[in-house]
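Visitor: Before I rely on any of the labels used for this model, I would like to hear what stands behind each of them. Could you take me through them in turn?

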Amino acid sequence: MTTESQISSELTFDALNKQWPTFSQAILDFMKELGLDSLDLECDHAALRVNTRQGADSLREAFCRQGKIISDNMINGRPILIIALDTPLVLGELAIDCIELPYPGDKRYPVEGWEHIELVMPGGAATTETLREQLLERLPTLVAVLDQQTDVKVKMSSPQGEHERLANPTIAFKRGNLCIKIHPHGIKAVIASEAK
């Protein structure tokens with residue numbers, strides 16, 4: 001049985017809209033601090049963190065009124081939706097036309113809402129090591145960050161959906177509740193690889 005306090009604490013679409021200006025400014029500041037703003041990268045999607053299935057279902061409904069689901073895939077044992085928006089979100093000078101809505105897994109997030117953006121750095125990297133080298137070629141000032149000598153946490157991974165055929169290694173920069181991820185292929189290219 002769901003109580004009224006549980007309902008009122010669910011993350012809502014309206015709450016996300018109210019969070020966006022603060023989140024987007026914090027992300028833009030983080031990008032600038034890292035120097036990523038100088039690379040002229042595309043932002044292919046923004047991602048959410050939701051703690052309850054009911055909250056995810058509610059957001060799914062709301063986002064489906066703003067666009068359409070282009071992928072519903074199992075990644076690391078849980079459904080992750082990619083929703084293409086009819087009207088892109090604006091992040092500074094960037095237009096973000098997709099939202100990643102992961103259904104909750106075992107982890108409970110201290111803060112629900114906007115969690116990260118993903119930037120595309122073309123270059124065909126098939127491994128995290130190659131992606132790191134390519135990033136340092138373009139932005140040598142990141143060496144201390146990538147060597148974990150600052151307060152920014154760095155995680156390198158190669159997440160993959162069950163039908164993906166396109167290697168898409170990822171470097172994530174995280175501080176507090178903010179995260180920026182970089183990978184070589186946009187989410188639509190990854191989704192297209194599933195259909196082959």
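Guide: Let us begin with a single pair: E42 has V120 in β5 as its bridge partner. This is a predicted model, in which local features need pLDDT of at least 70 and side-chain atom pairs count only at pLDDT 80 or more, while totals for chains, interfaces and linings use all residues. Residues are numbered from 1 along each chain as its sequence is written, and side-chain values use heavy atoms, with hydrogens and water left out.

Visitor: What makes β1 and strand β5 a pair?

Guide: Strands (E, at least two residues) and helices (H or I, at least four) are DSSP runs numbered from the N terminus, and two strands pair if DSSP finds at least two bridges between them. Strand β5 (residues 113-120) is joined to β1 by 7 bridges and the two run antiparallel, so the criterion of at least two bridges is met.

Visitor: How do you know that β1 and strand β4 pair as well?

Guide: Between β1 and β4 (residues 94-102) there are 2 bridges, in the parallel sense, and therefore the requirement of at least two is satisfied. Within β4, I99 is the residue opposite A46. β4 also pairs with β3, in the antiparallel sense and over 8 bridges, with V90 opposite A95. The hairpin of β3 and β4 has 2 residues between the strands, and G92 there takes a positive phi near 60 degrees.

Visitor: Why is β1 called mostly covered?

Guide: Buried means under 20% relative accessible area, exposed over 50% and partly exposed in between, with a 1.4 Å probe and protein chains only; in β1 (residues 42-49), 7 of the 8 residues are buried.

Visitor: Why is Q66 called partly exposed?

Guide: Its relative accessible area is 35%, which lies between the limits of 20% and 50%, so the label partly exposed follows. Q66 sits in the loop between α3 (53-64) and β2 (67-75). Leaving aside neighbours within four places in sequence, Q66 is in contact (heavy atoms within 4.5 Å) with F13, A84, L85, D86 and T87.

Visitor: What puts the buried residues of α6 on the same side?

Guide: In helix α6 (residues 187-194) the buried residues are I187, V190, I191, S193 and E194. They cover an arc of only 155 degrees around the axis, which puts them on the same side of α6; the arc is that of the directions from the helix axis to the C-beta atoms. Their cover includes β1, β2, β3 (78-91) and β4.
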